[in-house]
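Colleague: I should be grateful for a close look at a single residue of this model. Please describe its setting and then the chain around it.

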Amino acid sequence: MLRTDRNNLLENTSADTAITHMIFFIAAIILAISVVAFVSADVQSLISSSGASSKFLSEQLRTDITIVNDPEIIPFDSTNKKYIFYAKNTGKTELTPEYVTILVDGILIEPDDVDISLVDGDVVWRPGDVLTLNTTTTPSPLESGDHRILVAAENGKSGAMSFKT
């Protein structure tokens with residue numbers, strides 16, 4: 001039978017301790033790298049979101065719409081039963097007329113009930129251009145009294161005007 005010295009086994013425990021410390025050290029490094037990768041992904045997402053948000057806000061601040069009708073006399077085409085409104089792009093950004101939203105007295109005017117055209121016939125609503133909005137309202141014509149129109153661009157910026165019929 002093979003005999004080992006009991007004291008000899010106790011003397012070699014320093015190697016076991018070193019290996020245990022090395023395993024814990026490697027585990028700590030792996031855990032730290034995982035945390036850094038996770039936090040880095042969140043930070044990148046936050047930076048990307050912040051950049052997109054600031055671009056949208058910048059565009060919104062540079063956009064402005066003004067309705068240039070005389071609020072006392074709104075043209076009405078009695079043949080087609082349409083009110084004619086004029087909206088001017090008084091901001092610094094180009095807008096797309098297709099994405100303009102119109103509300104009269106808080107009621108959304110469906111795209112089929114609006115004929116949108118630019119005075120110069122262009123397809124982009126540039127700063128300084130006037131947009132003609134031939135609008136069919138419900139009811140048509142509107143009852144006598146005070147009304148409100150709101151014209152909103154695709155980025156949410158809007159212009160409004162109170163008018164009388």
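**Serine 34 and its surroundings**

Modeller: S34 lies in helix 2, which covers residues 13–61. Please bear in mind that the model is predicted. With a relative accessible area of 42%, S34 is partly exposed, because that class lies between the limits of 20% for buried and 50% for exposed. The side chain of S34 comes to 2.9 Å from the backbone oxygen of I30. As for a distant part of the sequence, S34 and D120 are separated by 86 residues along the chain, and their C-alpha atoms are 59 Å apart.

The wider chain gives this residue its context. The protein chain has 2 helices and 9 strands, and from the N terminus their order is α-α-β-β-β-β-β-β-β-β-β. Its radius of gyration is 35 Å, whereas the globule rule gives 15 Å for 165 residues, so the chain is more spread out than a compact globule. The C-alpha trace spans about 120 × 30 × 25 Å along its principal axes.

Of the 165 residues of the protein chain, 23% count as buried. The chain exposes about 11,400 Å², of which carbon and sulfur atoms supply 58%. Among contacts with a separation of 6 or more, 62% are between residues 24 or more positions apart. Finally, the protein chain carries 12 positive and 22 negative charges, and the mean positions of these two sets are 6 Å apart.

Methods
Residues are numbered from 1 along each chain as its sequence is written. This is a predicted model: local features need pLDDT of at least 70, side-chain atom pairs count only at pLDDT 80 or more; totals for chains, interfaces and linings use all residues. Side-chain values use heavy atoms; hydrogens and water are left out. Helices (H or I, at least four residues) and strands (E, at least two) are DSSP runs, numbered from the N terminus. The radius of gyration is taken over C-alpha atoms; the globule rule is 2.2 Å times the number of residues to the power 0.38. Buried means under 20% relative accessible area, exposed over 50%, partly exposed in between (1.4 Å probe, protein chains only). Contact means heavy atoms within 4.5 Å. Accessible areas come from the Shrake-Rupley method with a 1.4 Å probe; for residues, only the protein chains shown count as cover. Lys and Arg count as positive and Asp and Glu as negative; His and the chain ends are not counted. The place of a charge is taken as NZ of Lys, CZ of Arg, CG of Asp or CD of Glu. A polar contact is a pair of N or O atoms within 3.5 Å; within protein, one must be able to donate a hydrogen and the other to accept it, and residues adjacent in sequence count only if both atoms are side-chain atoms.
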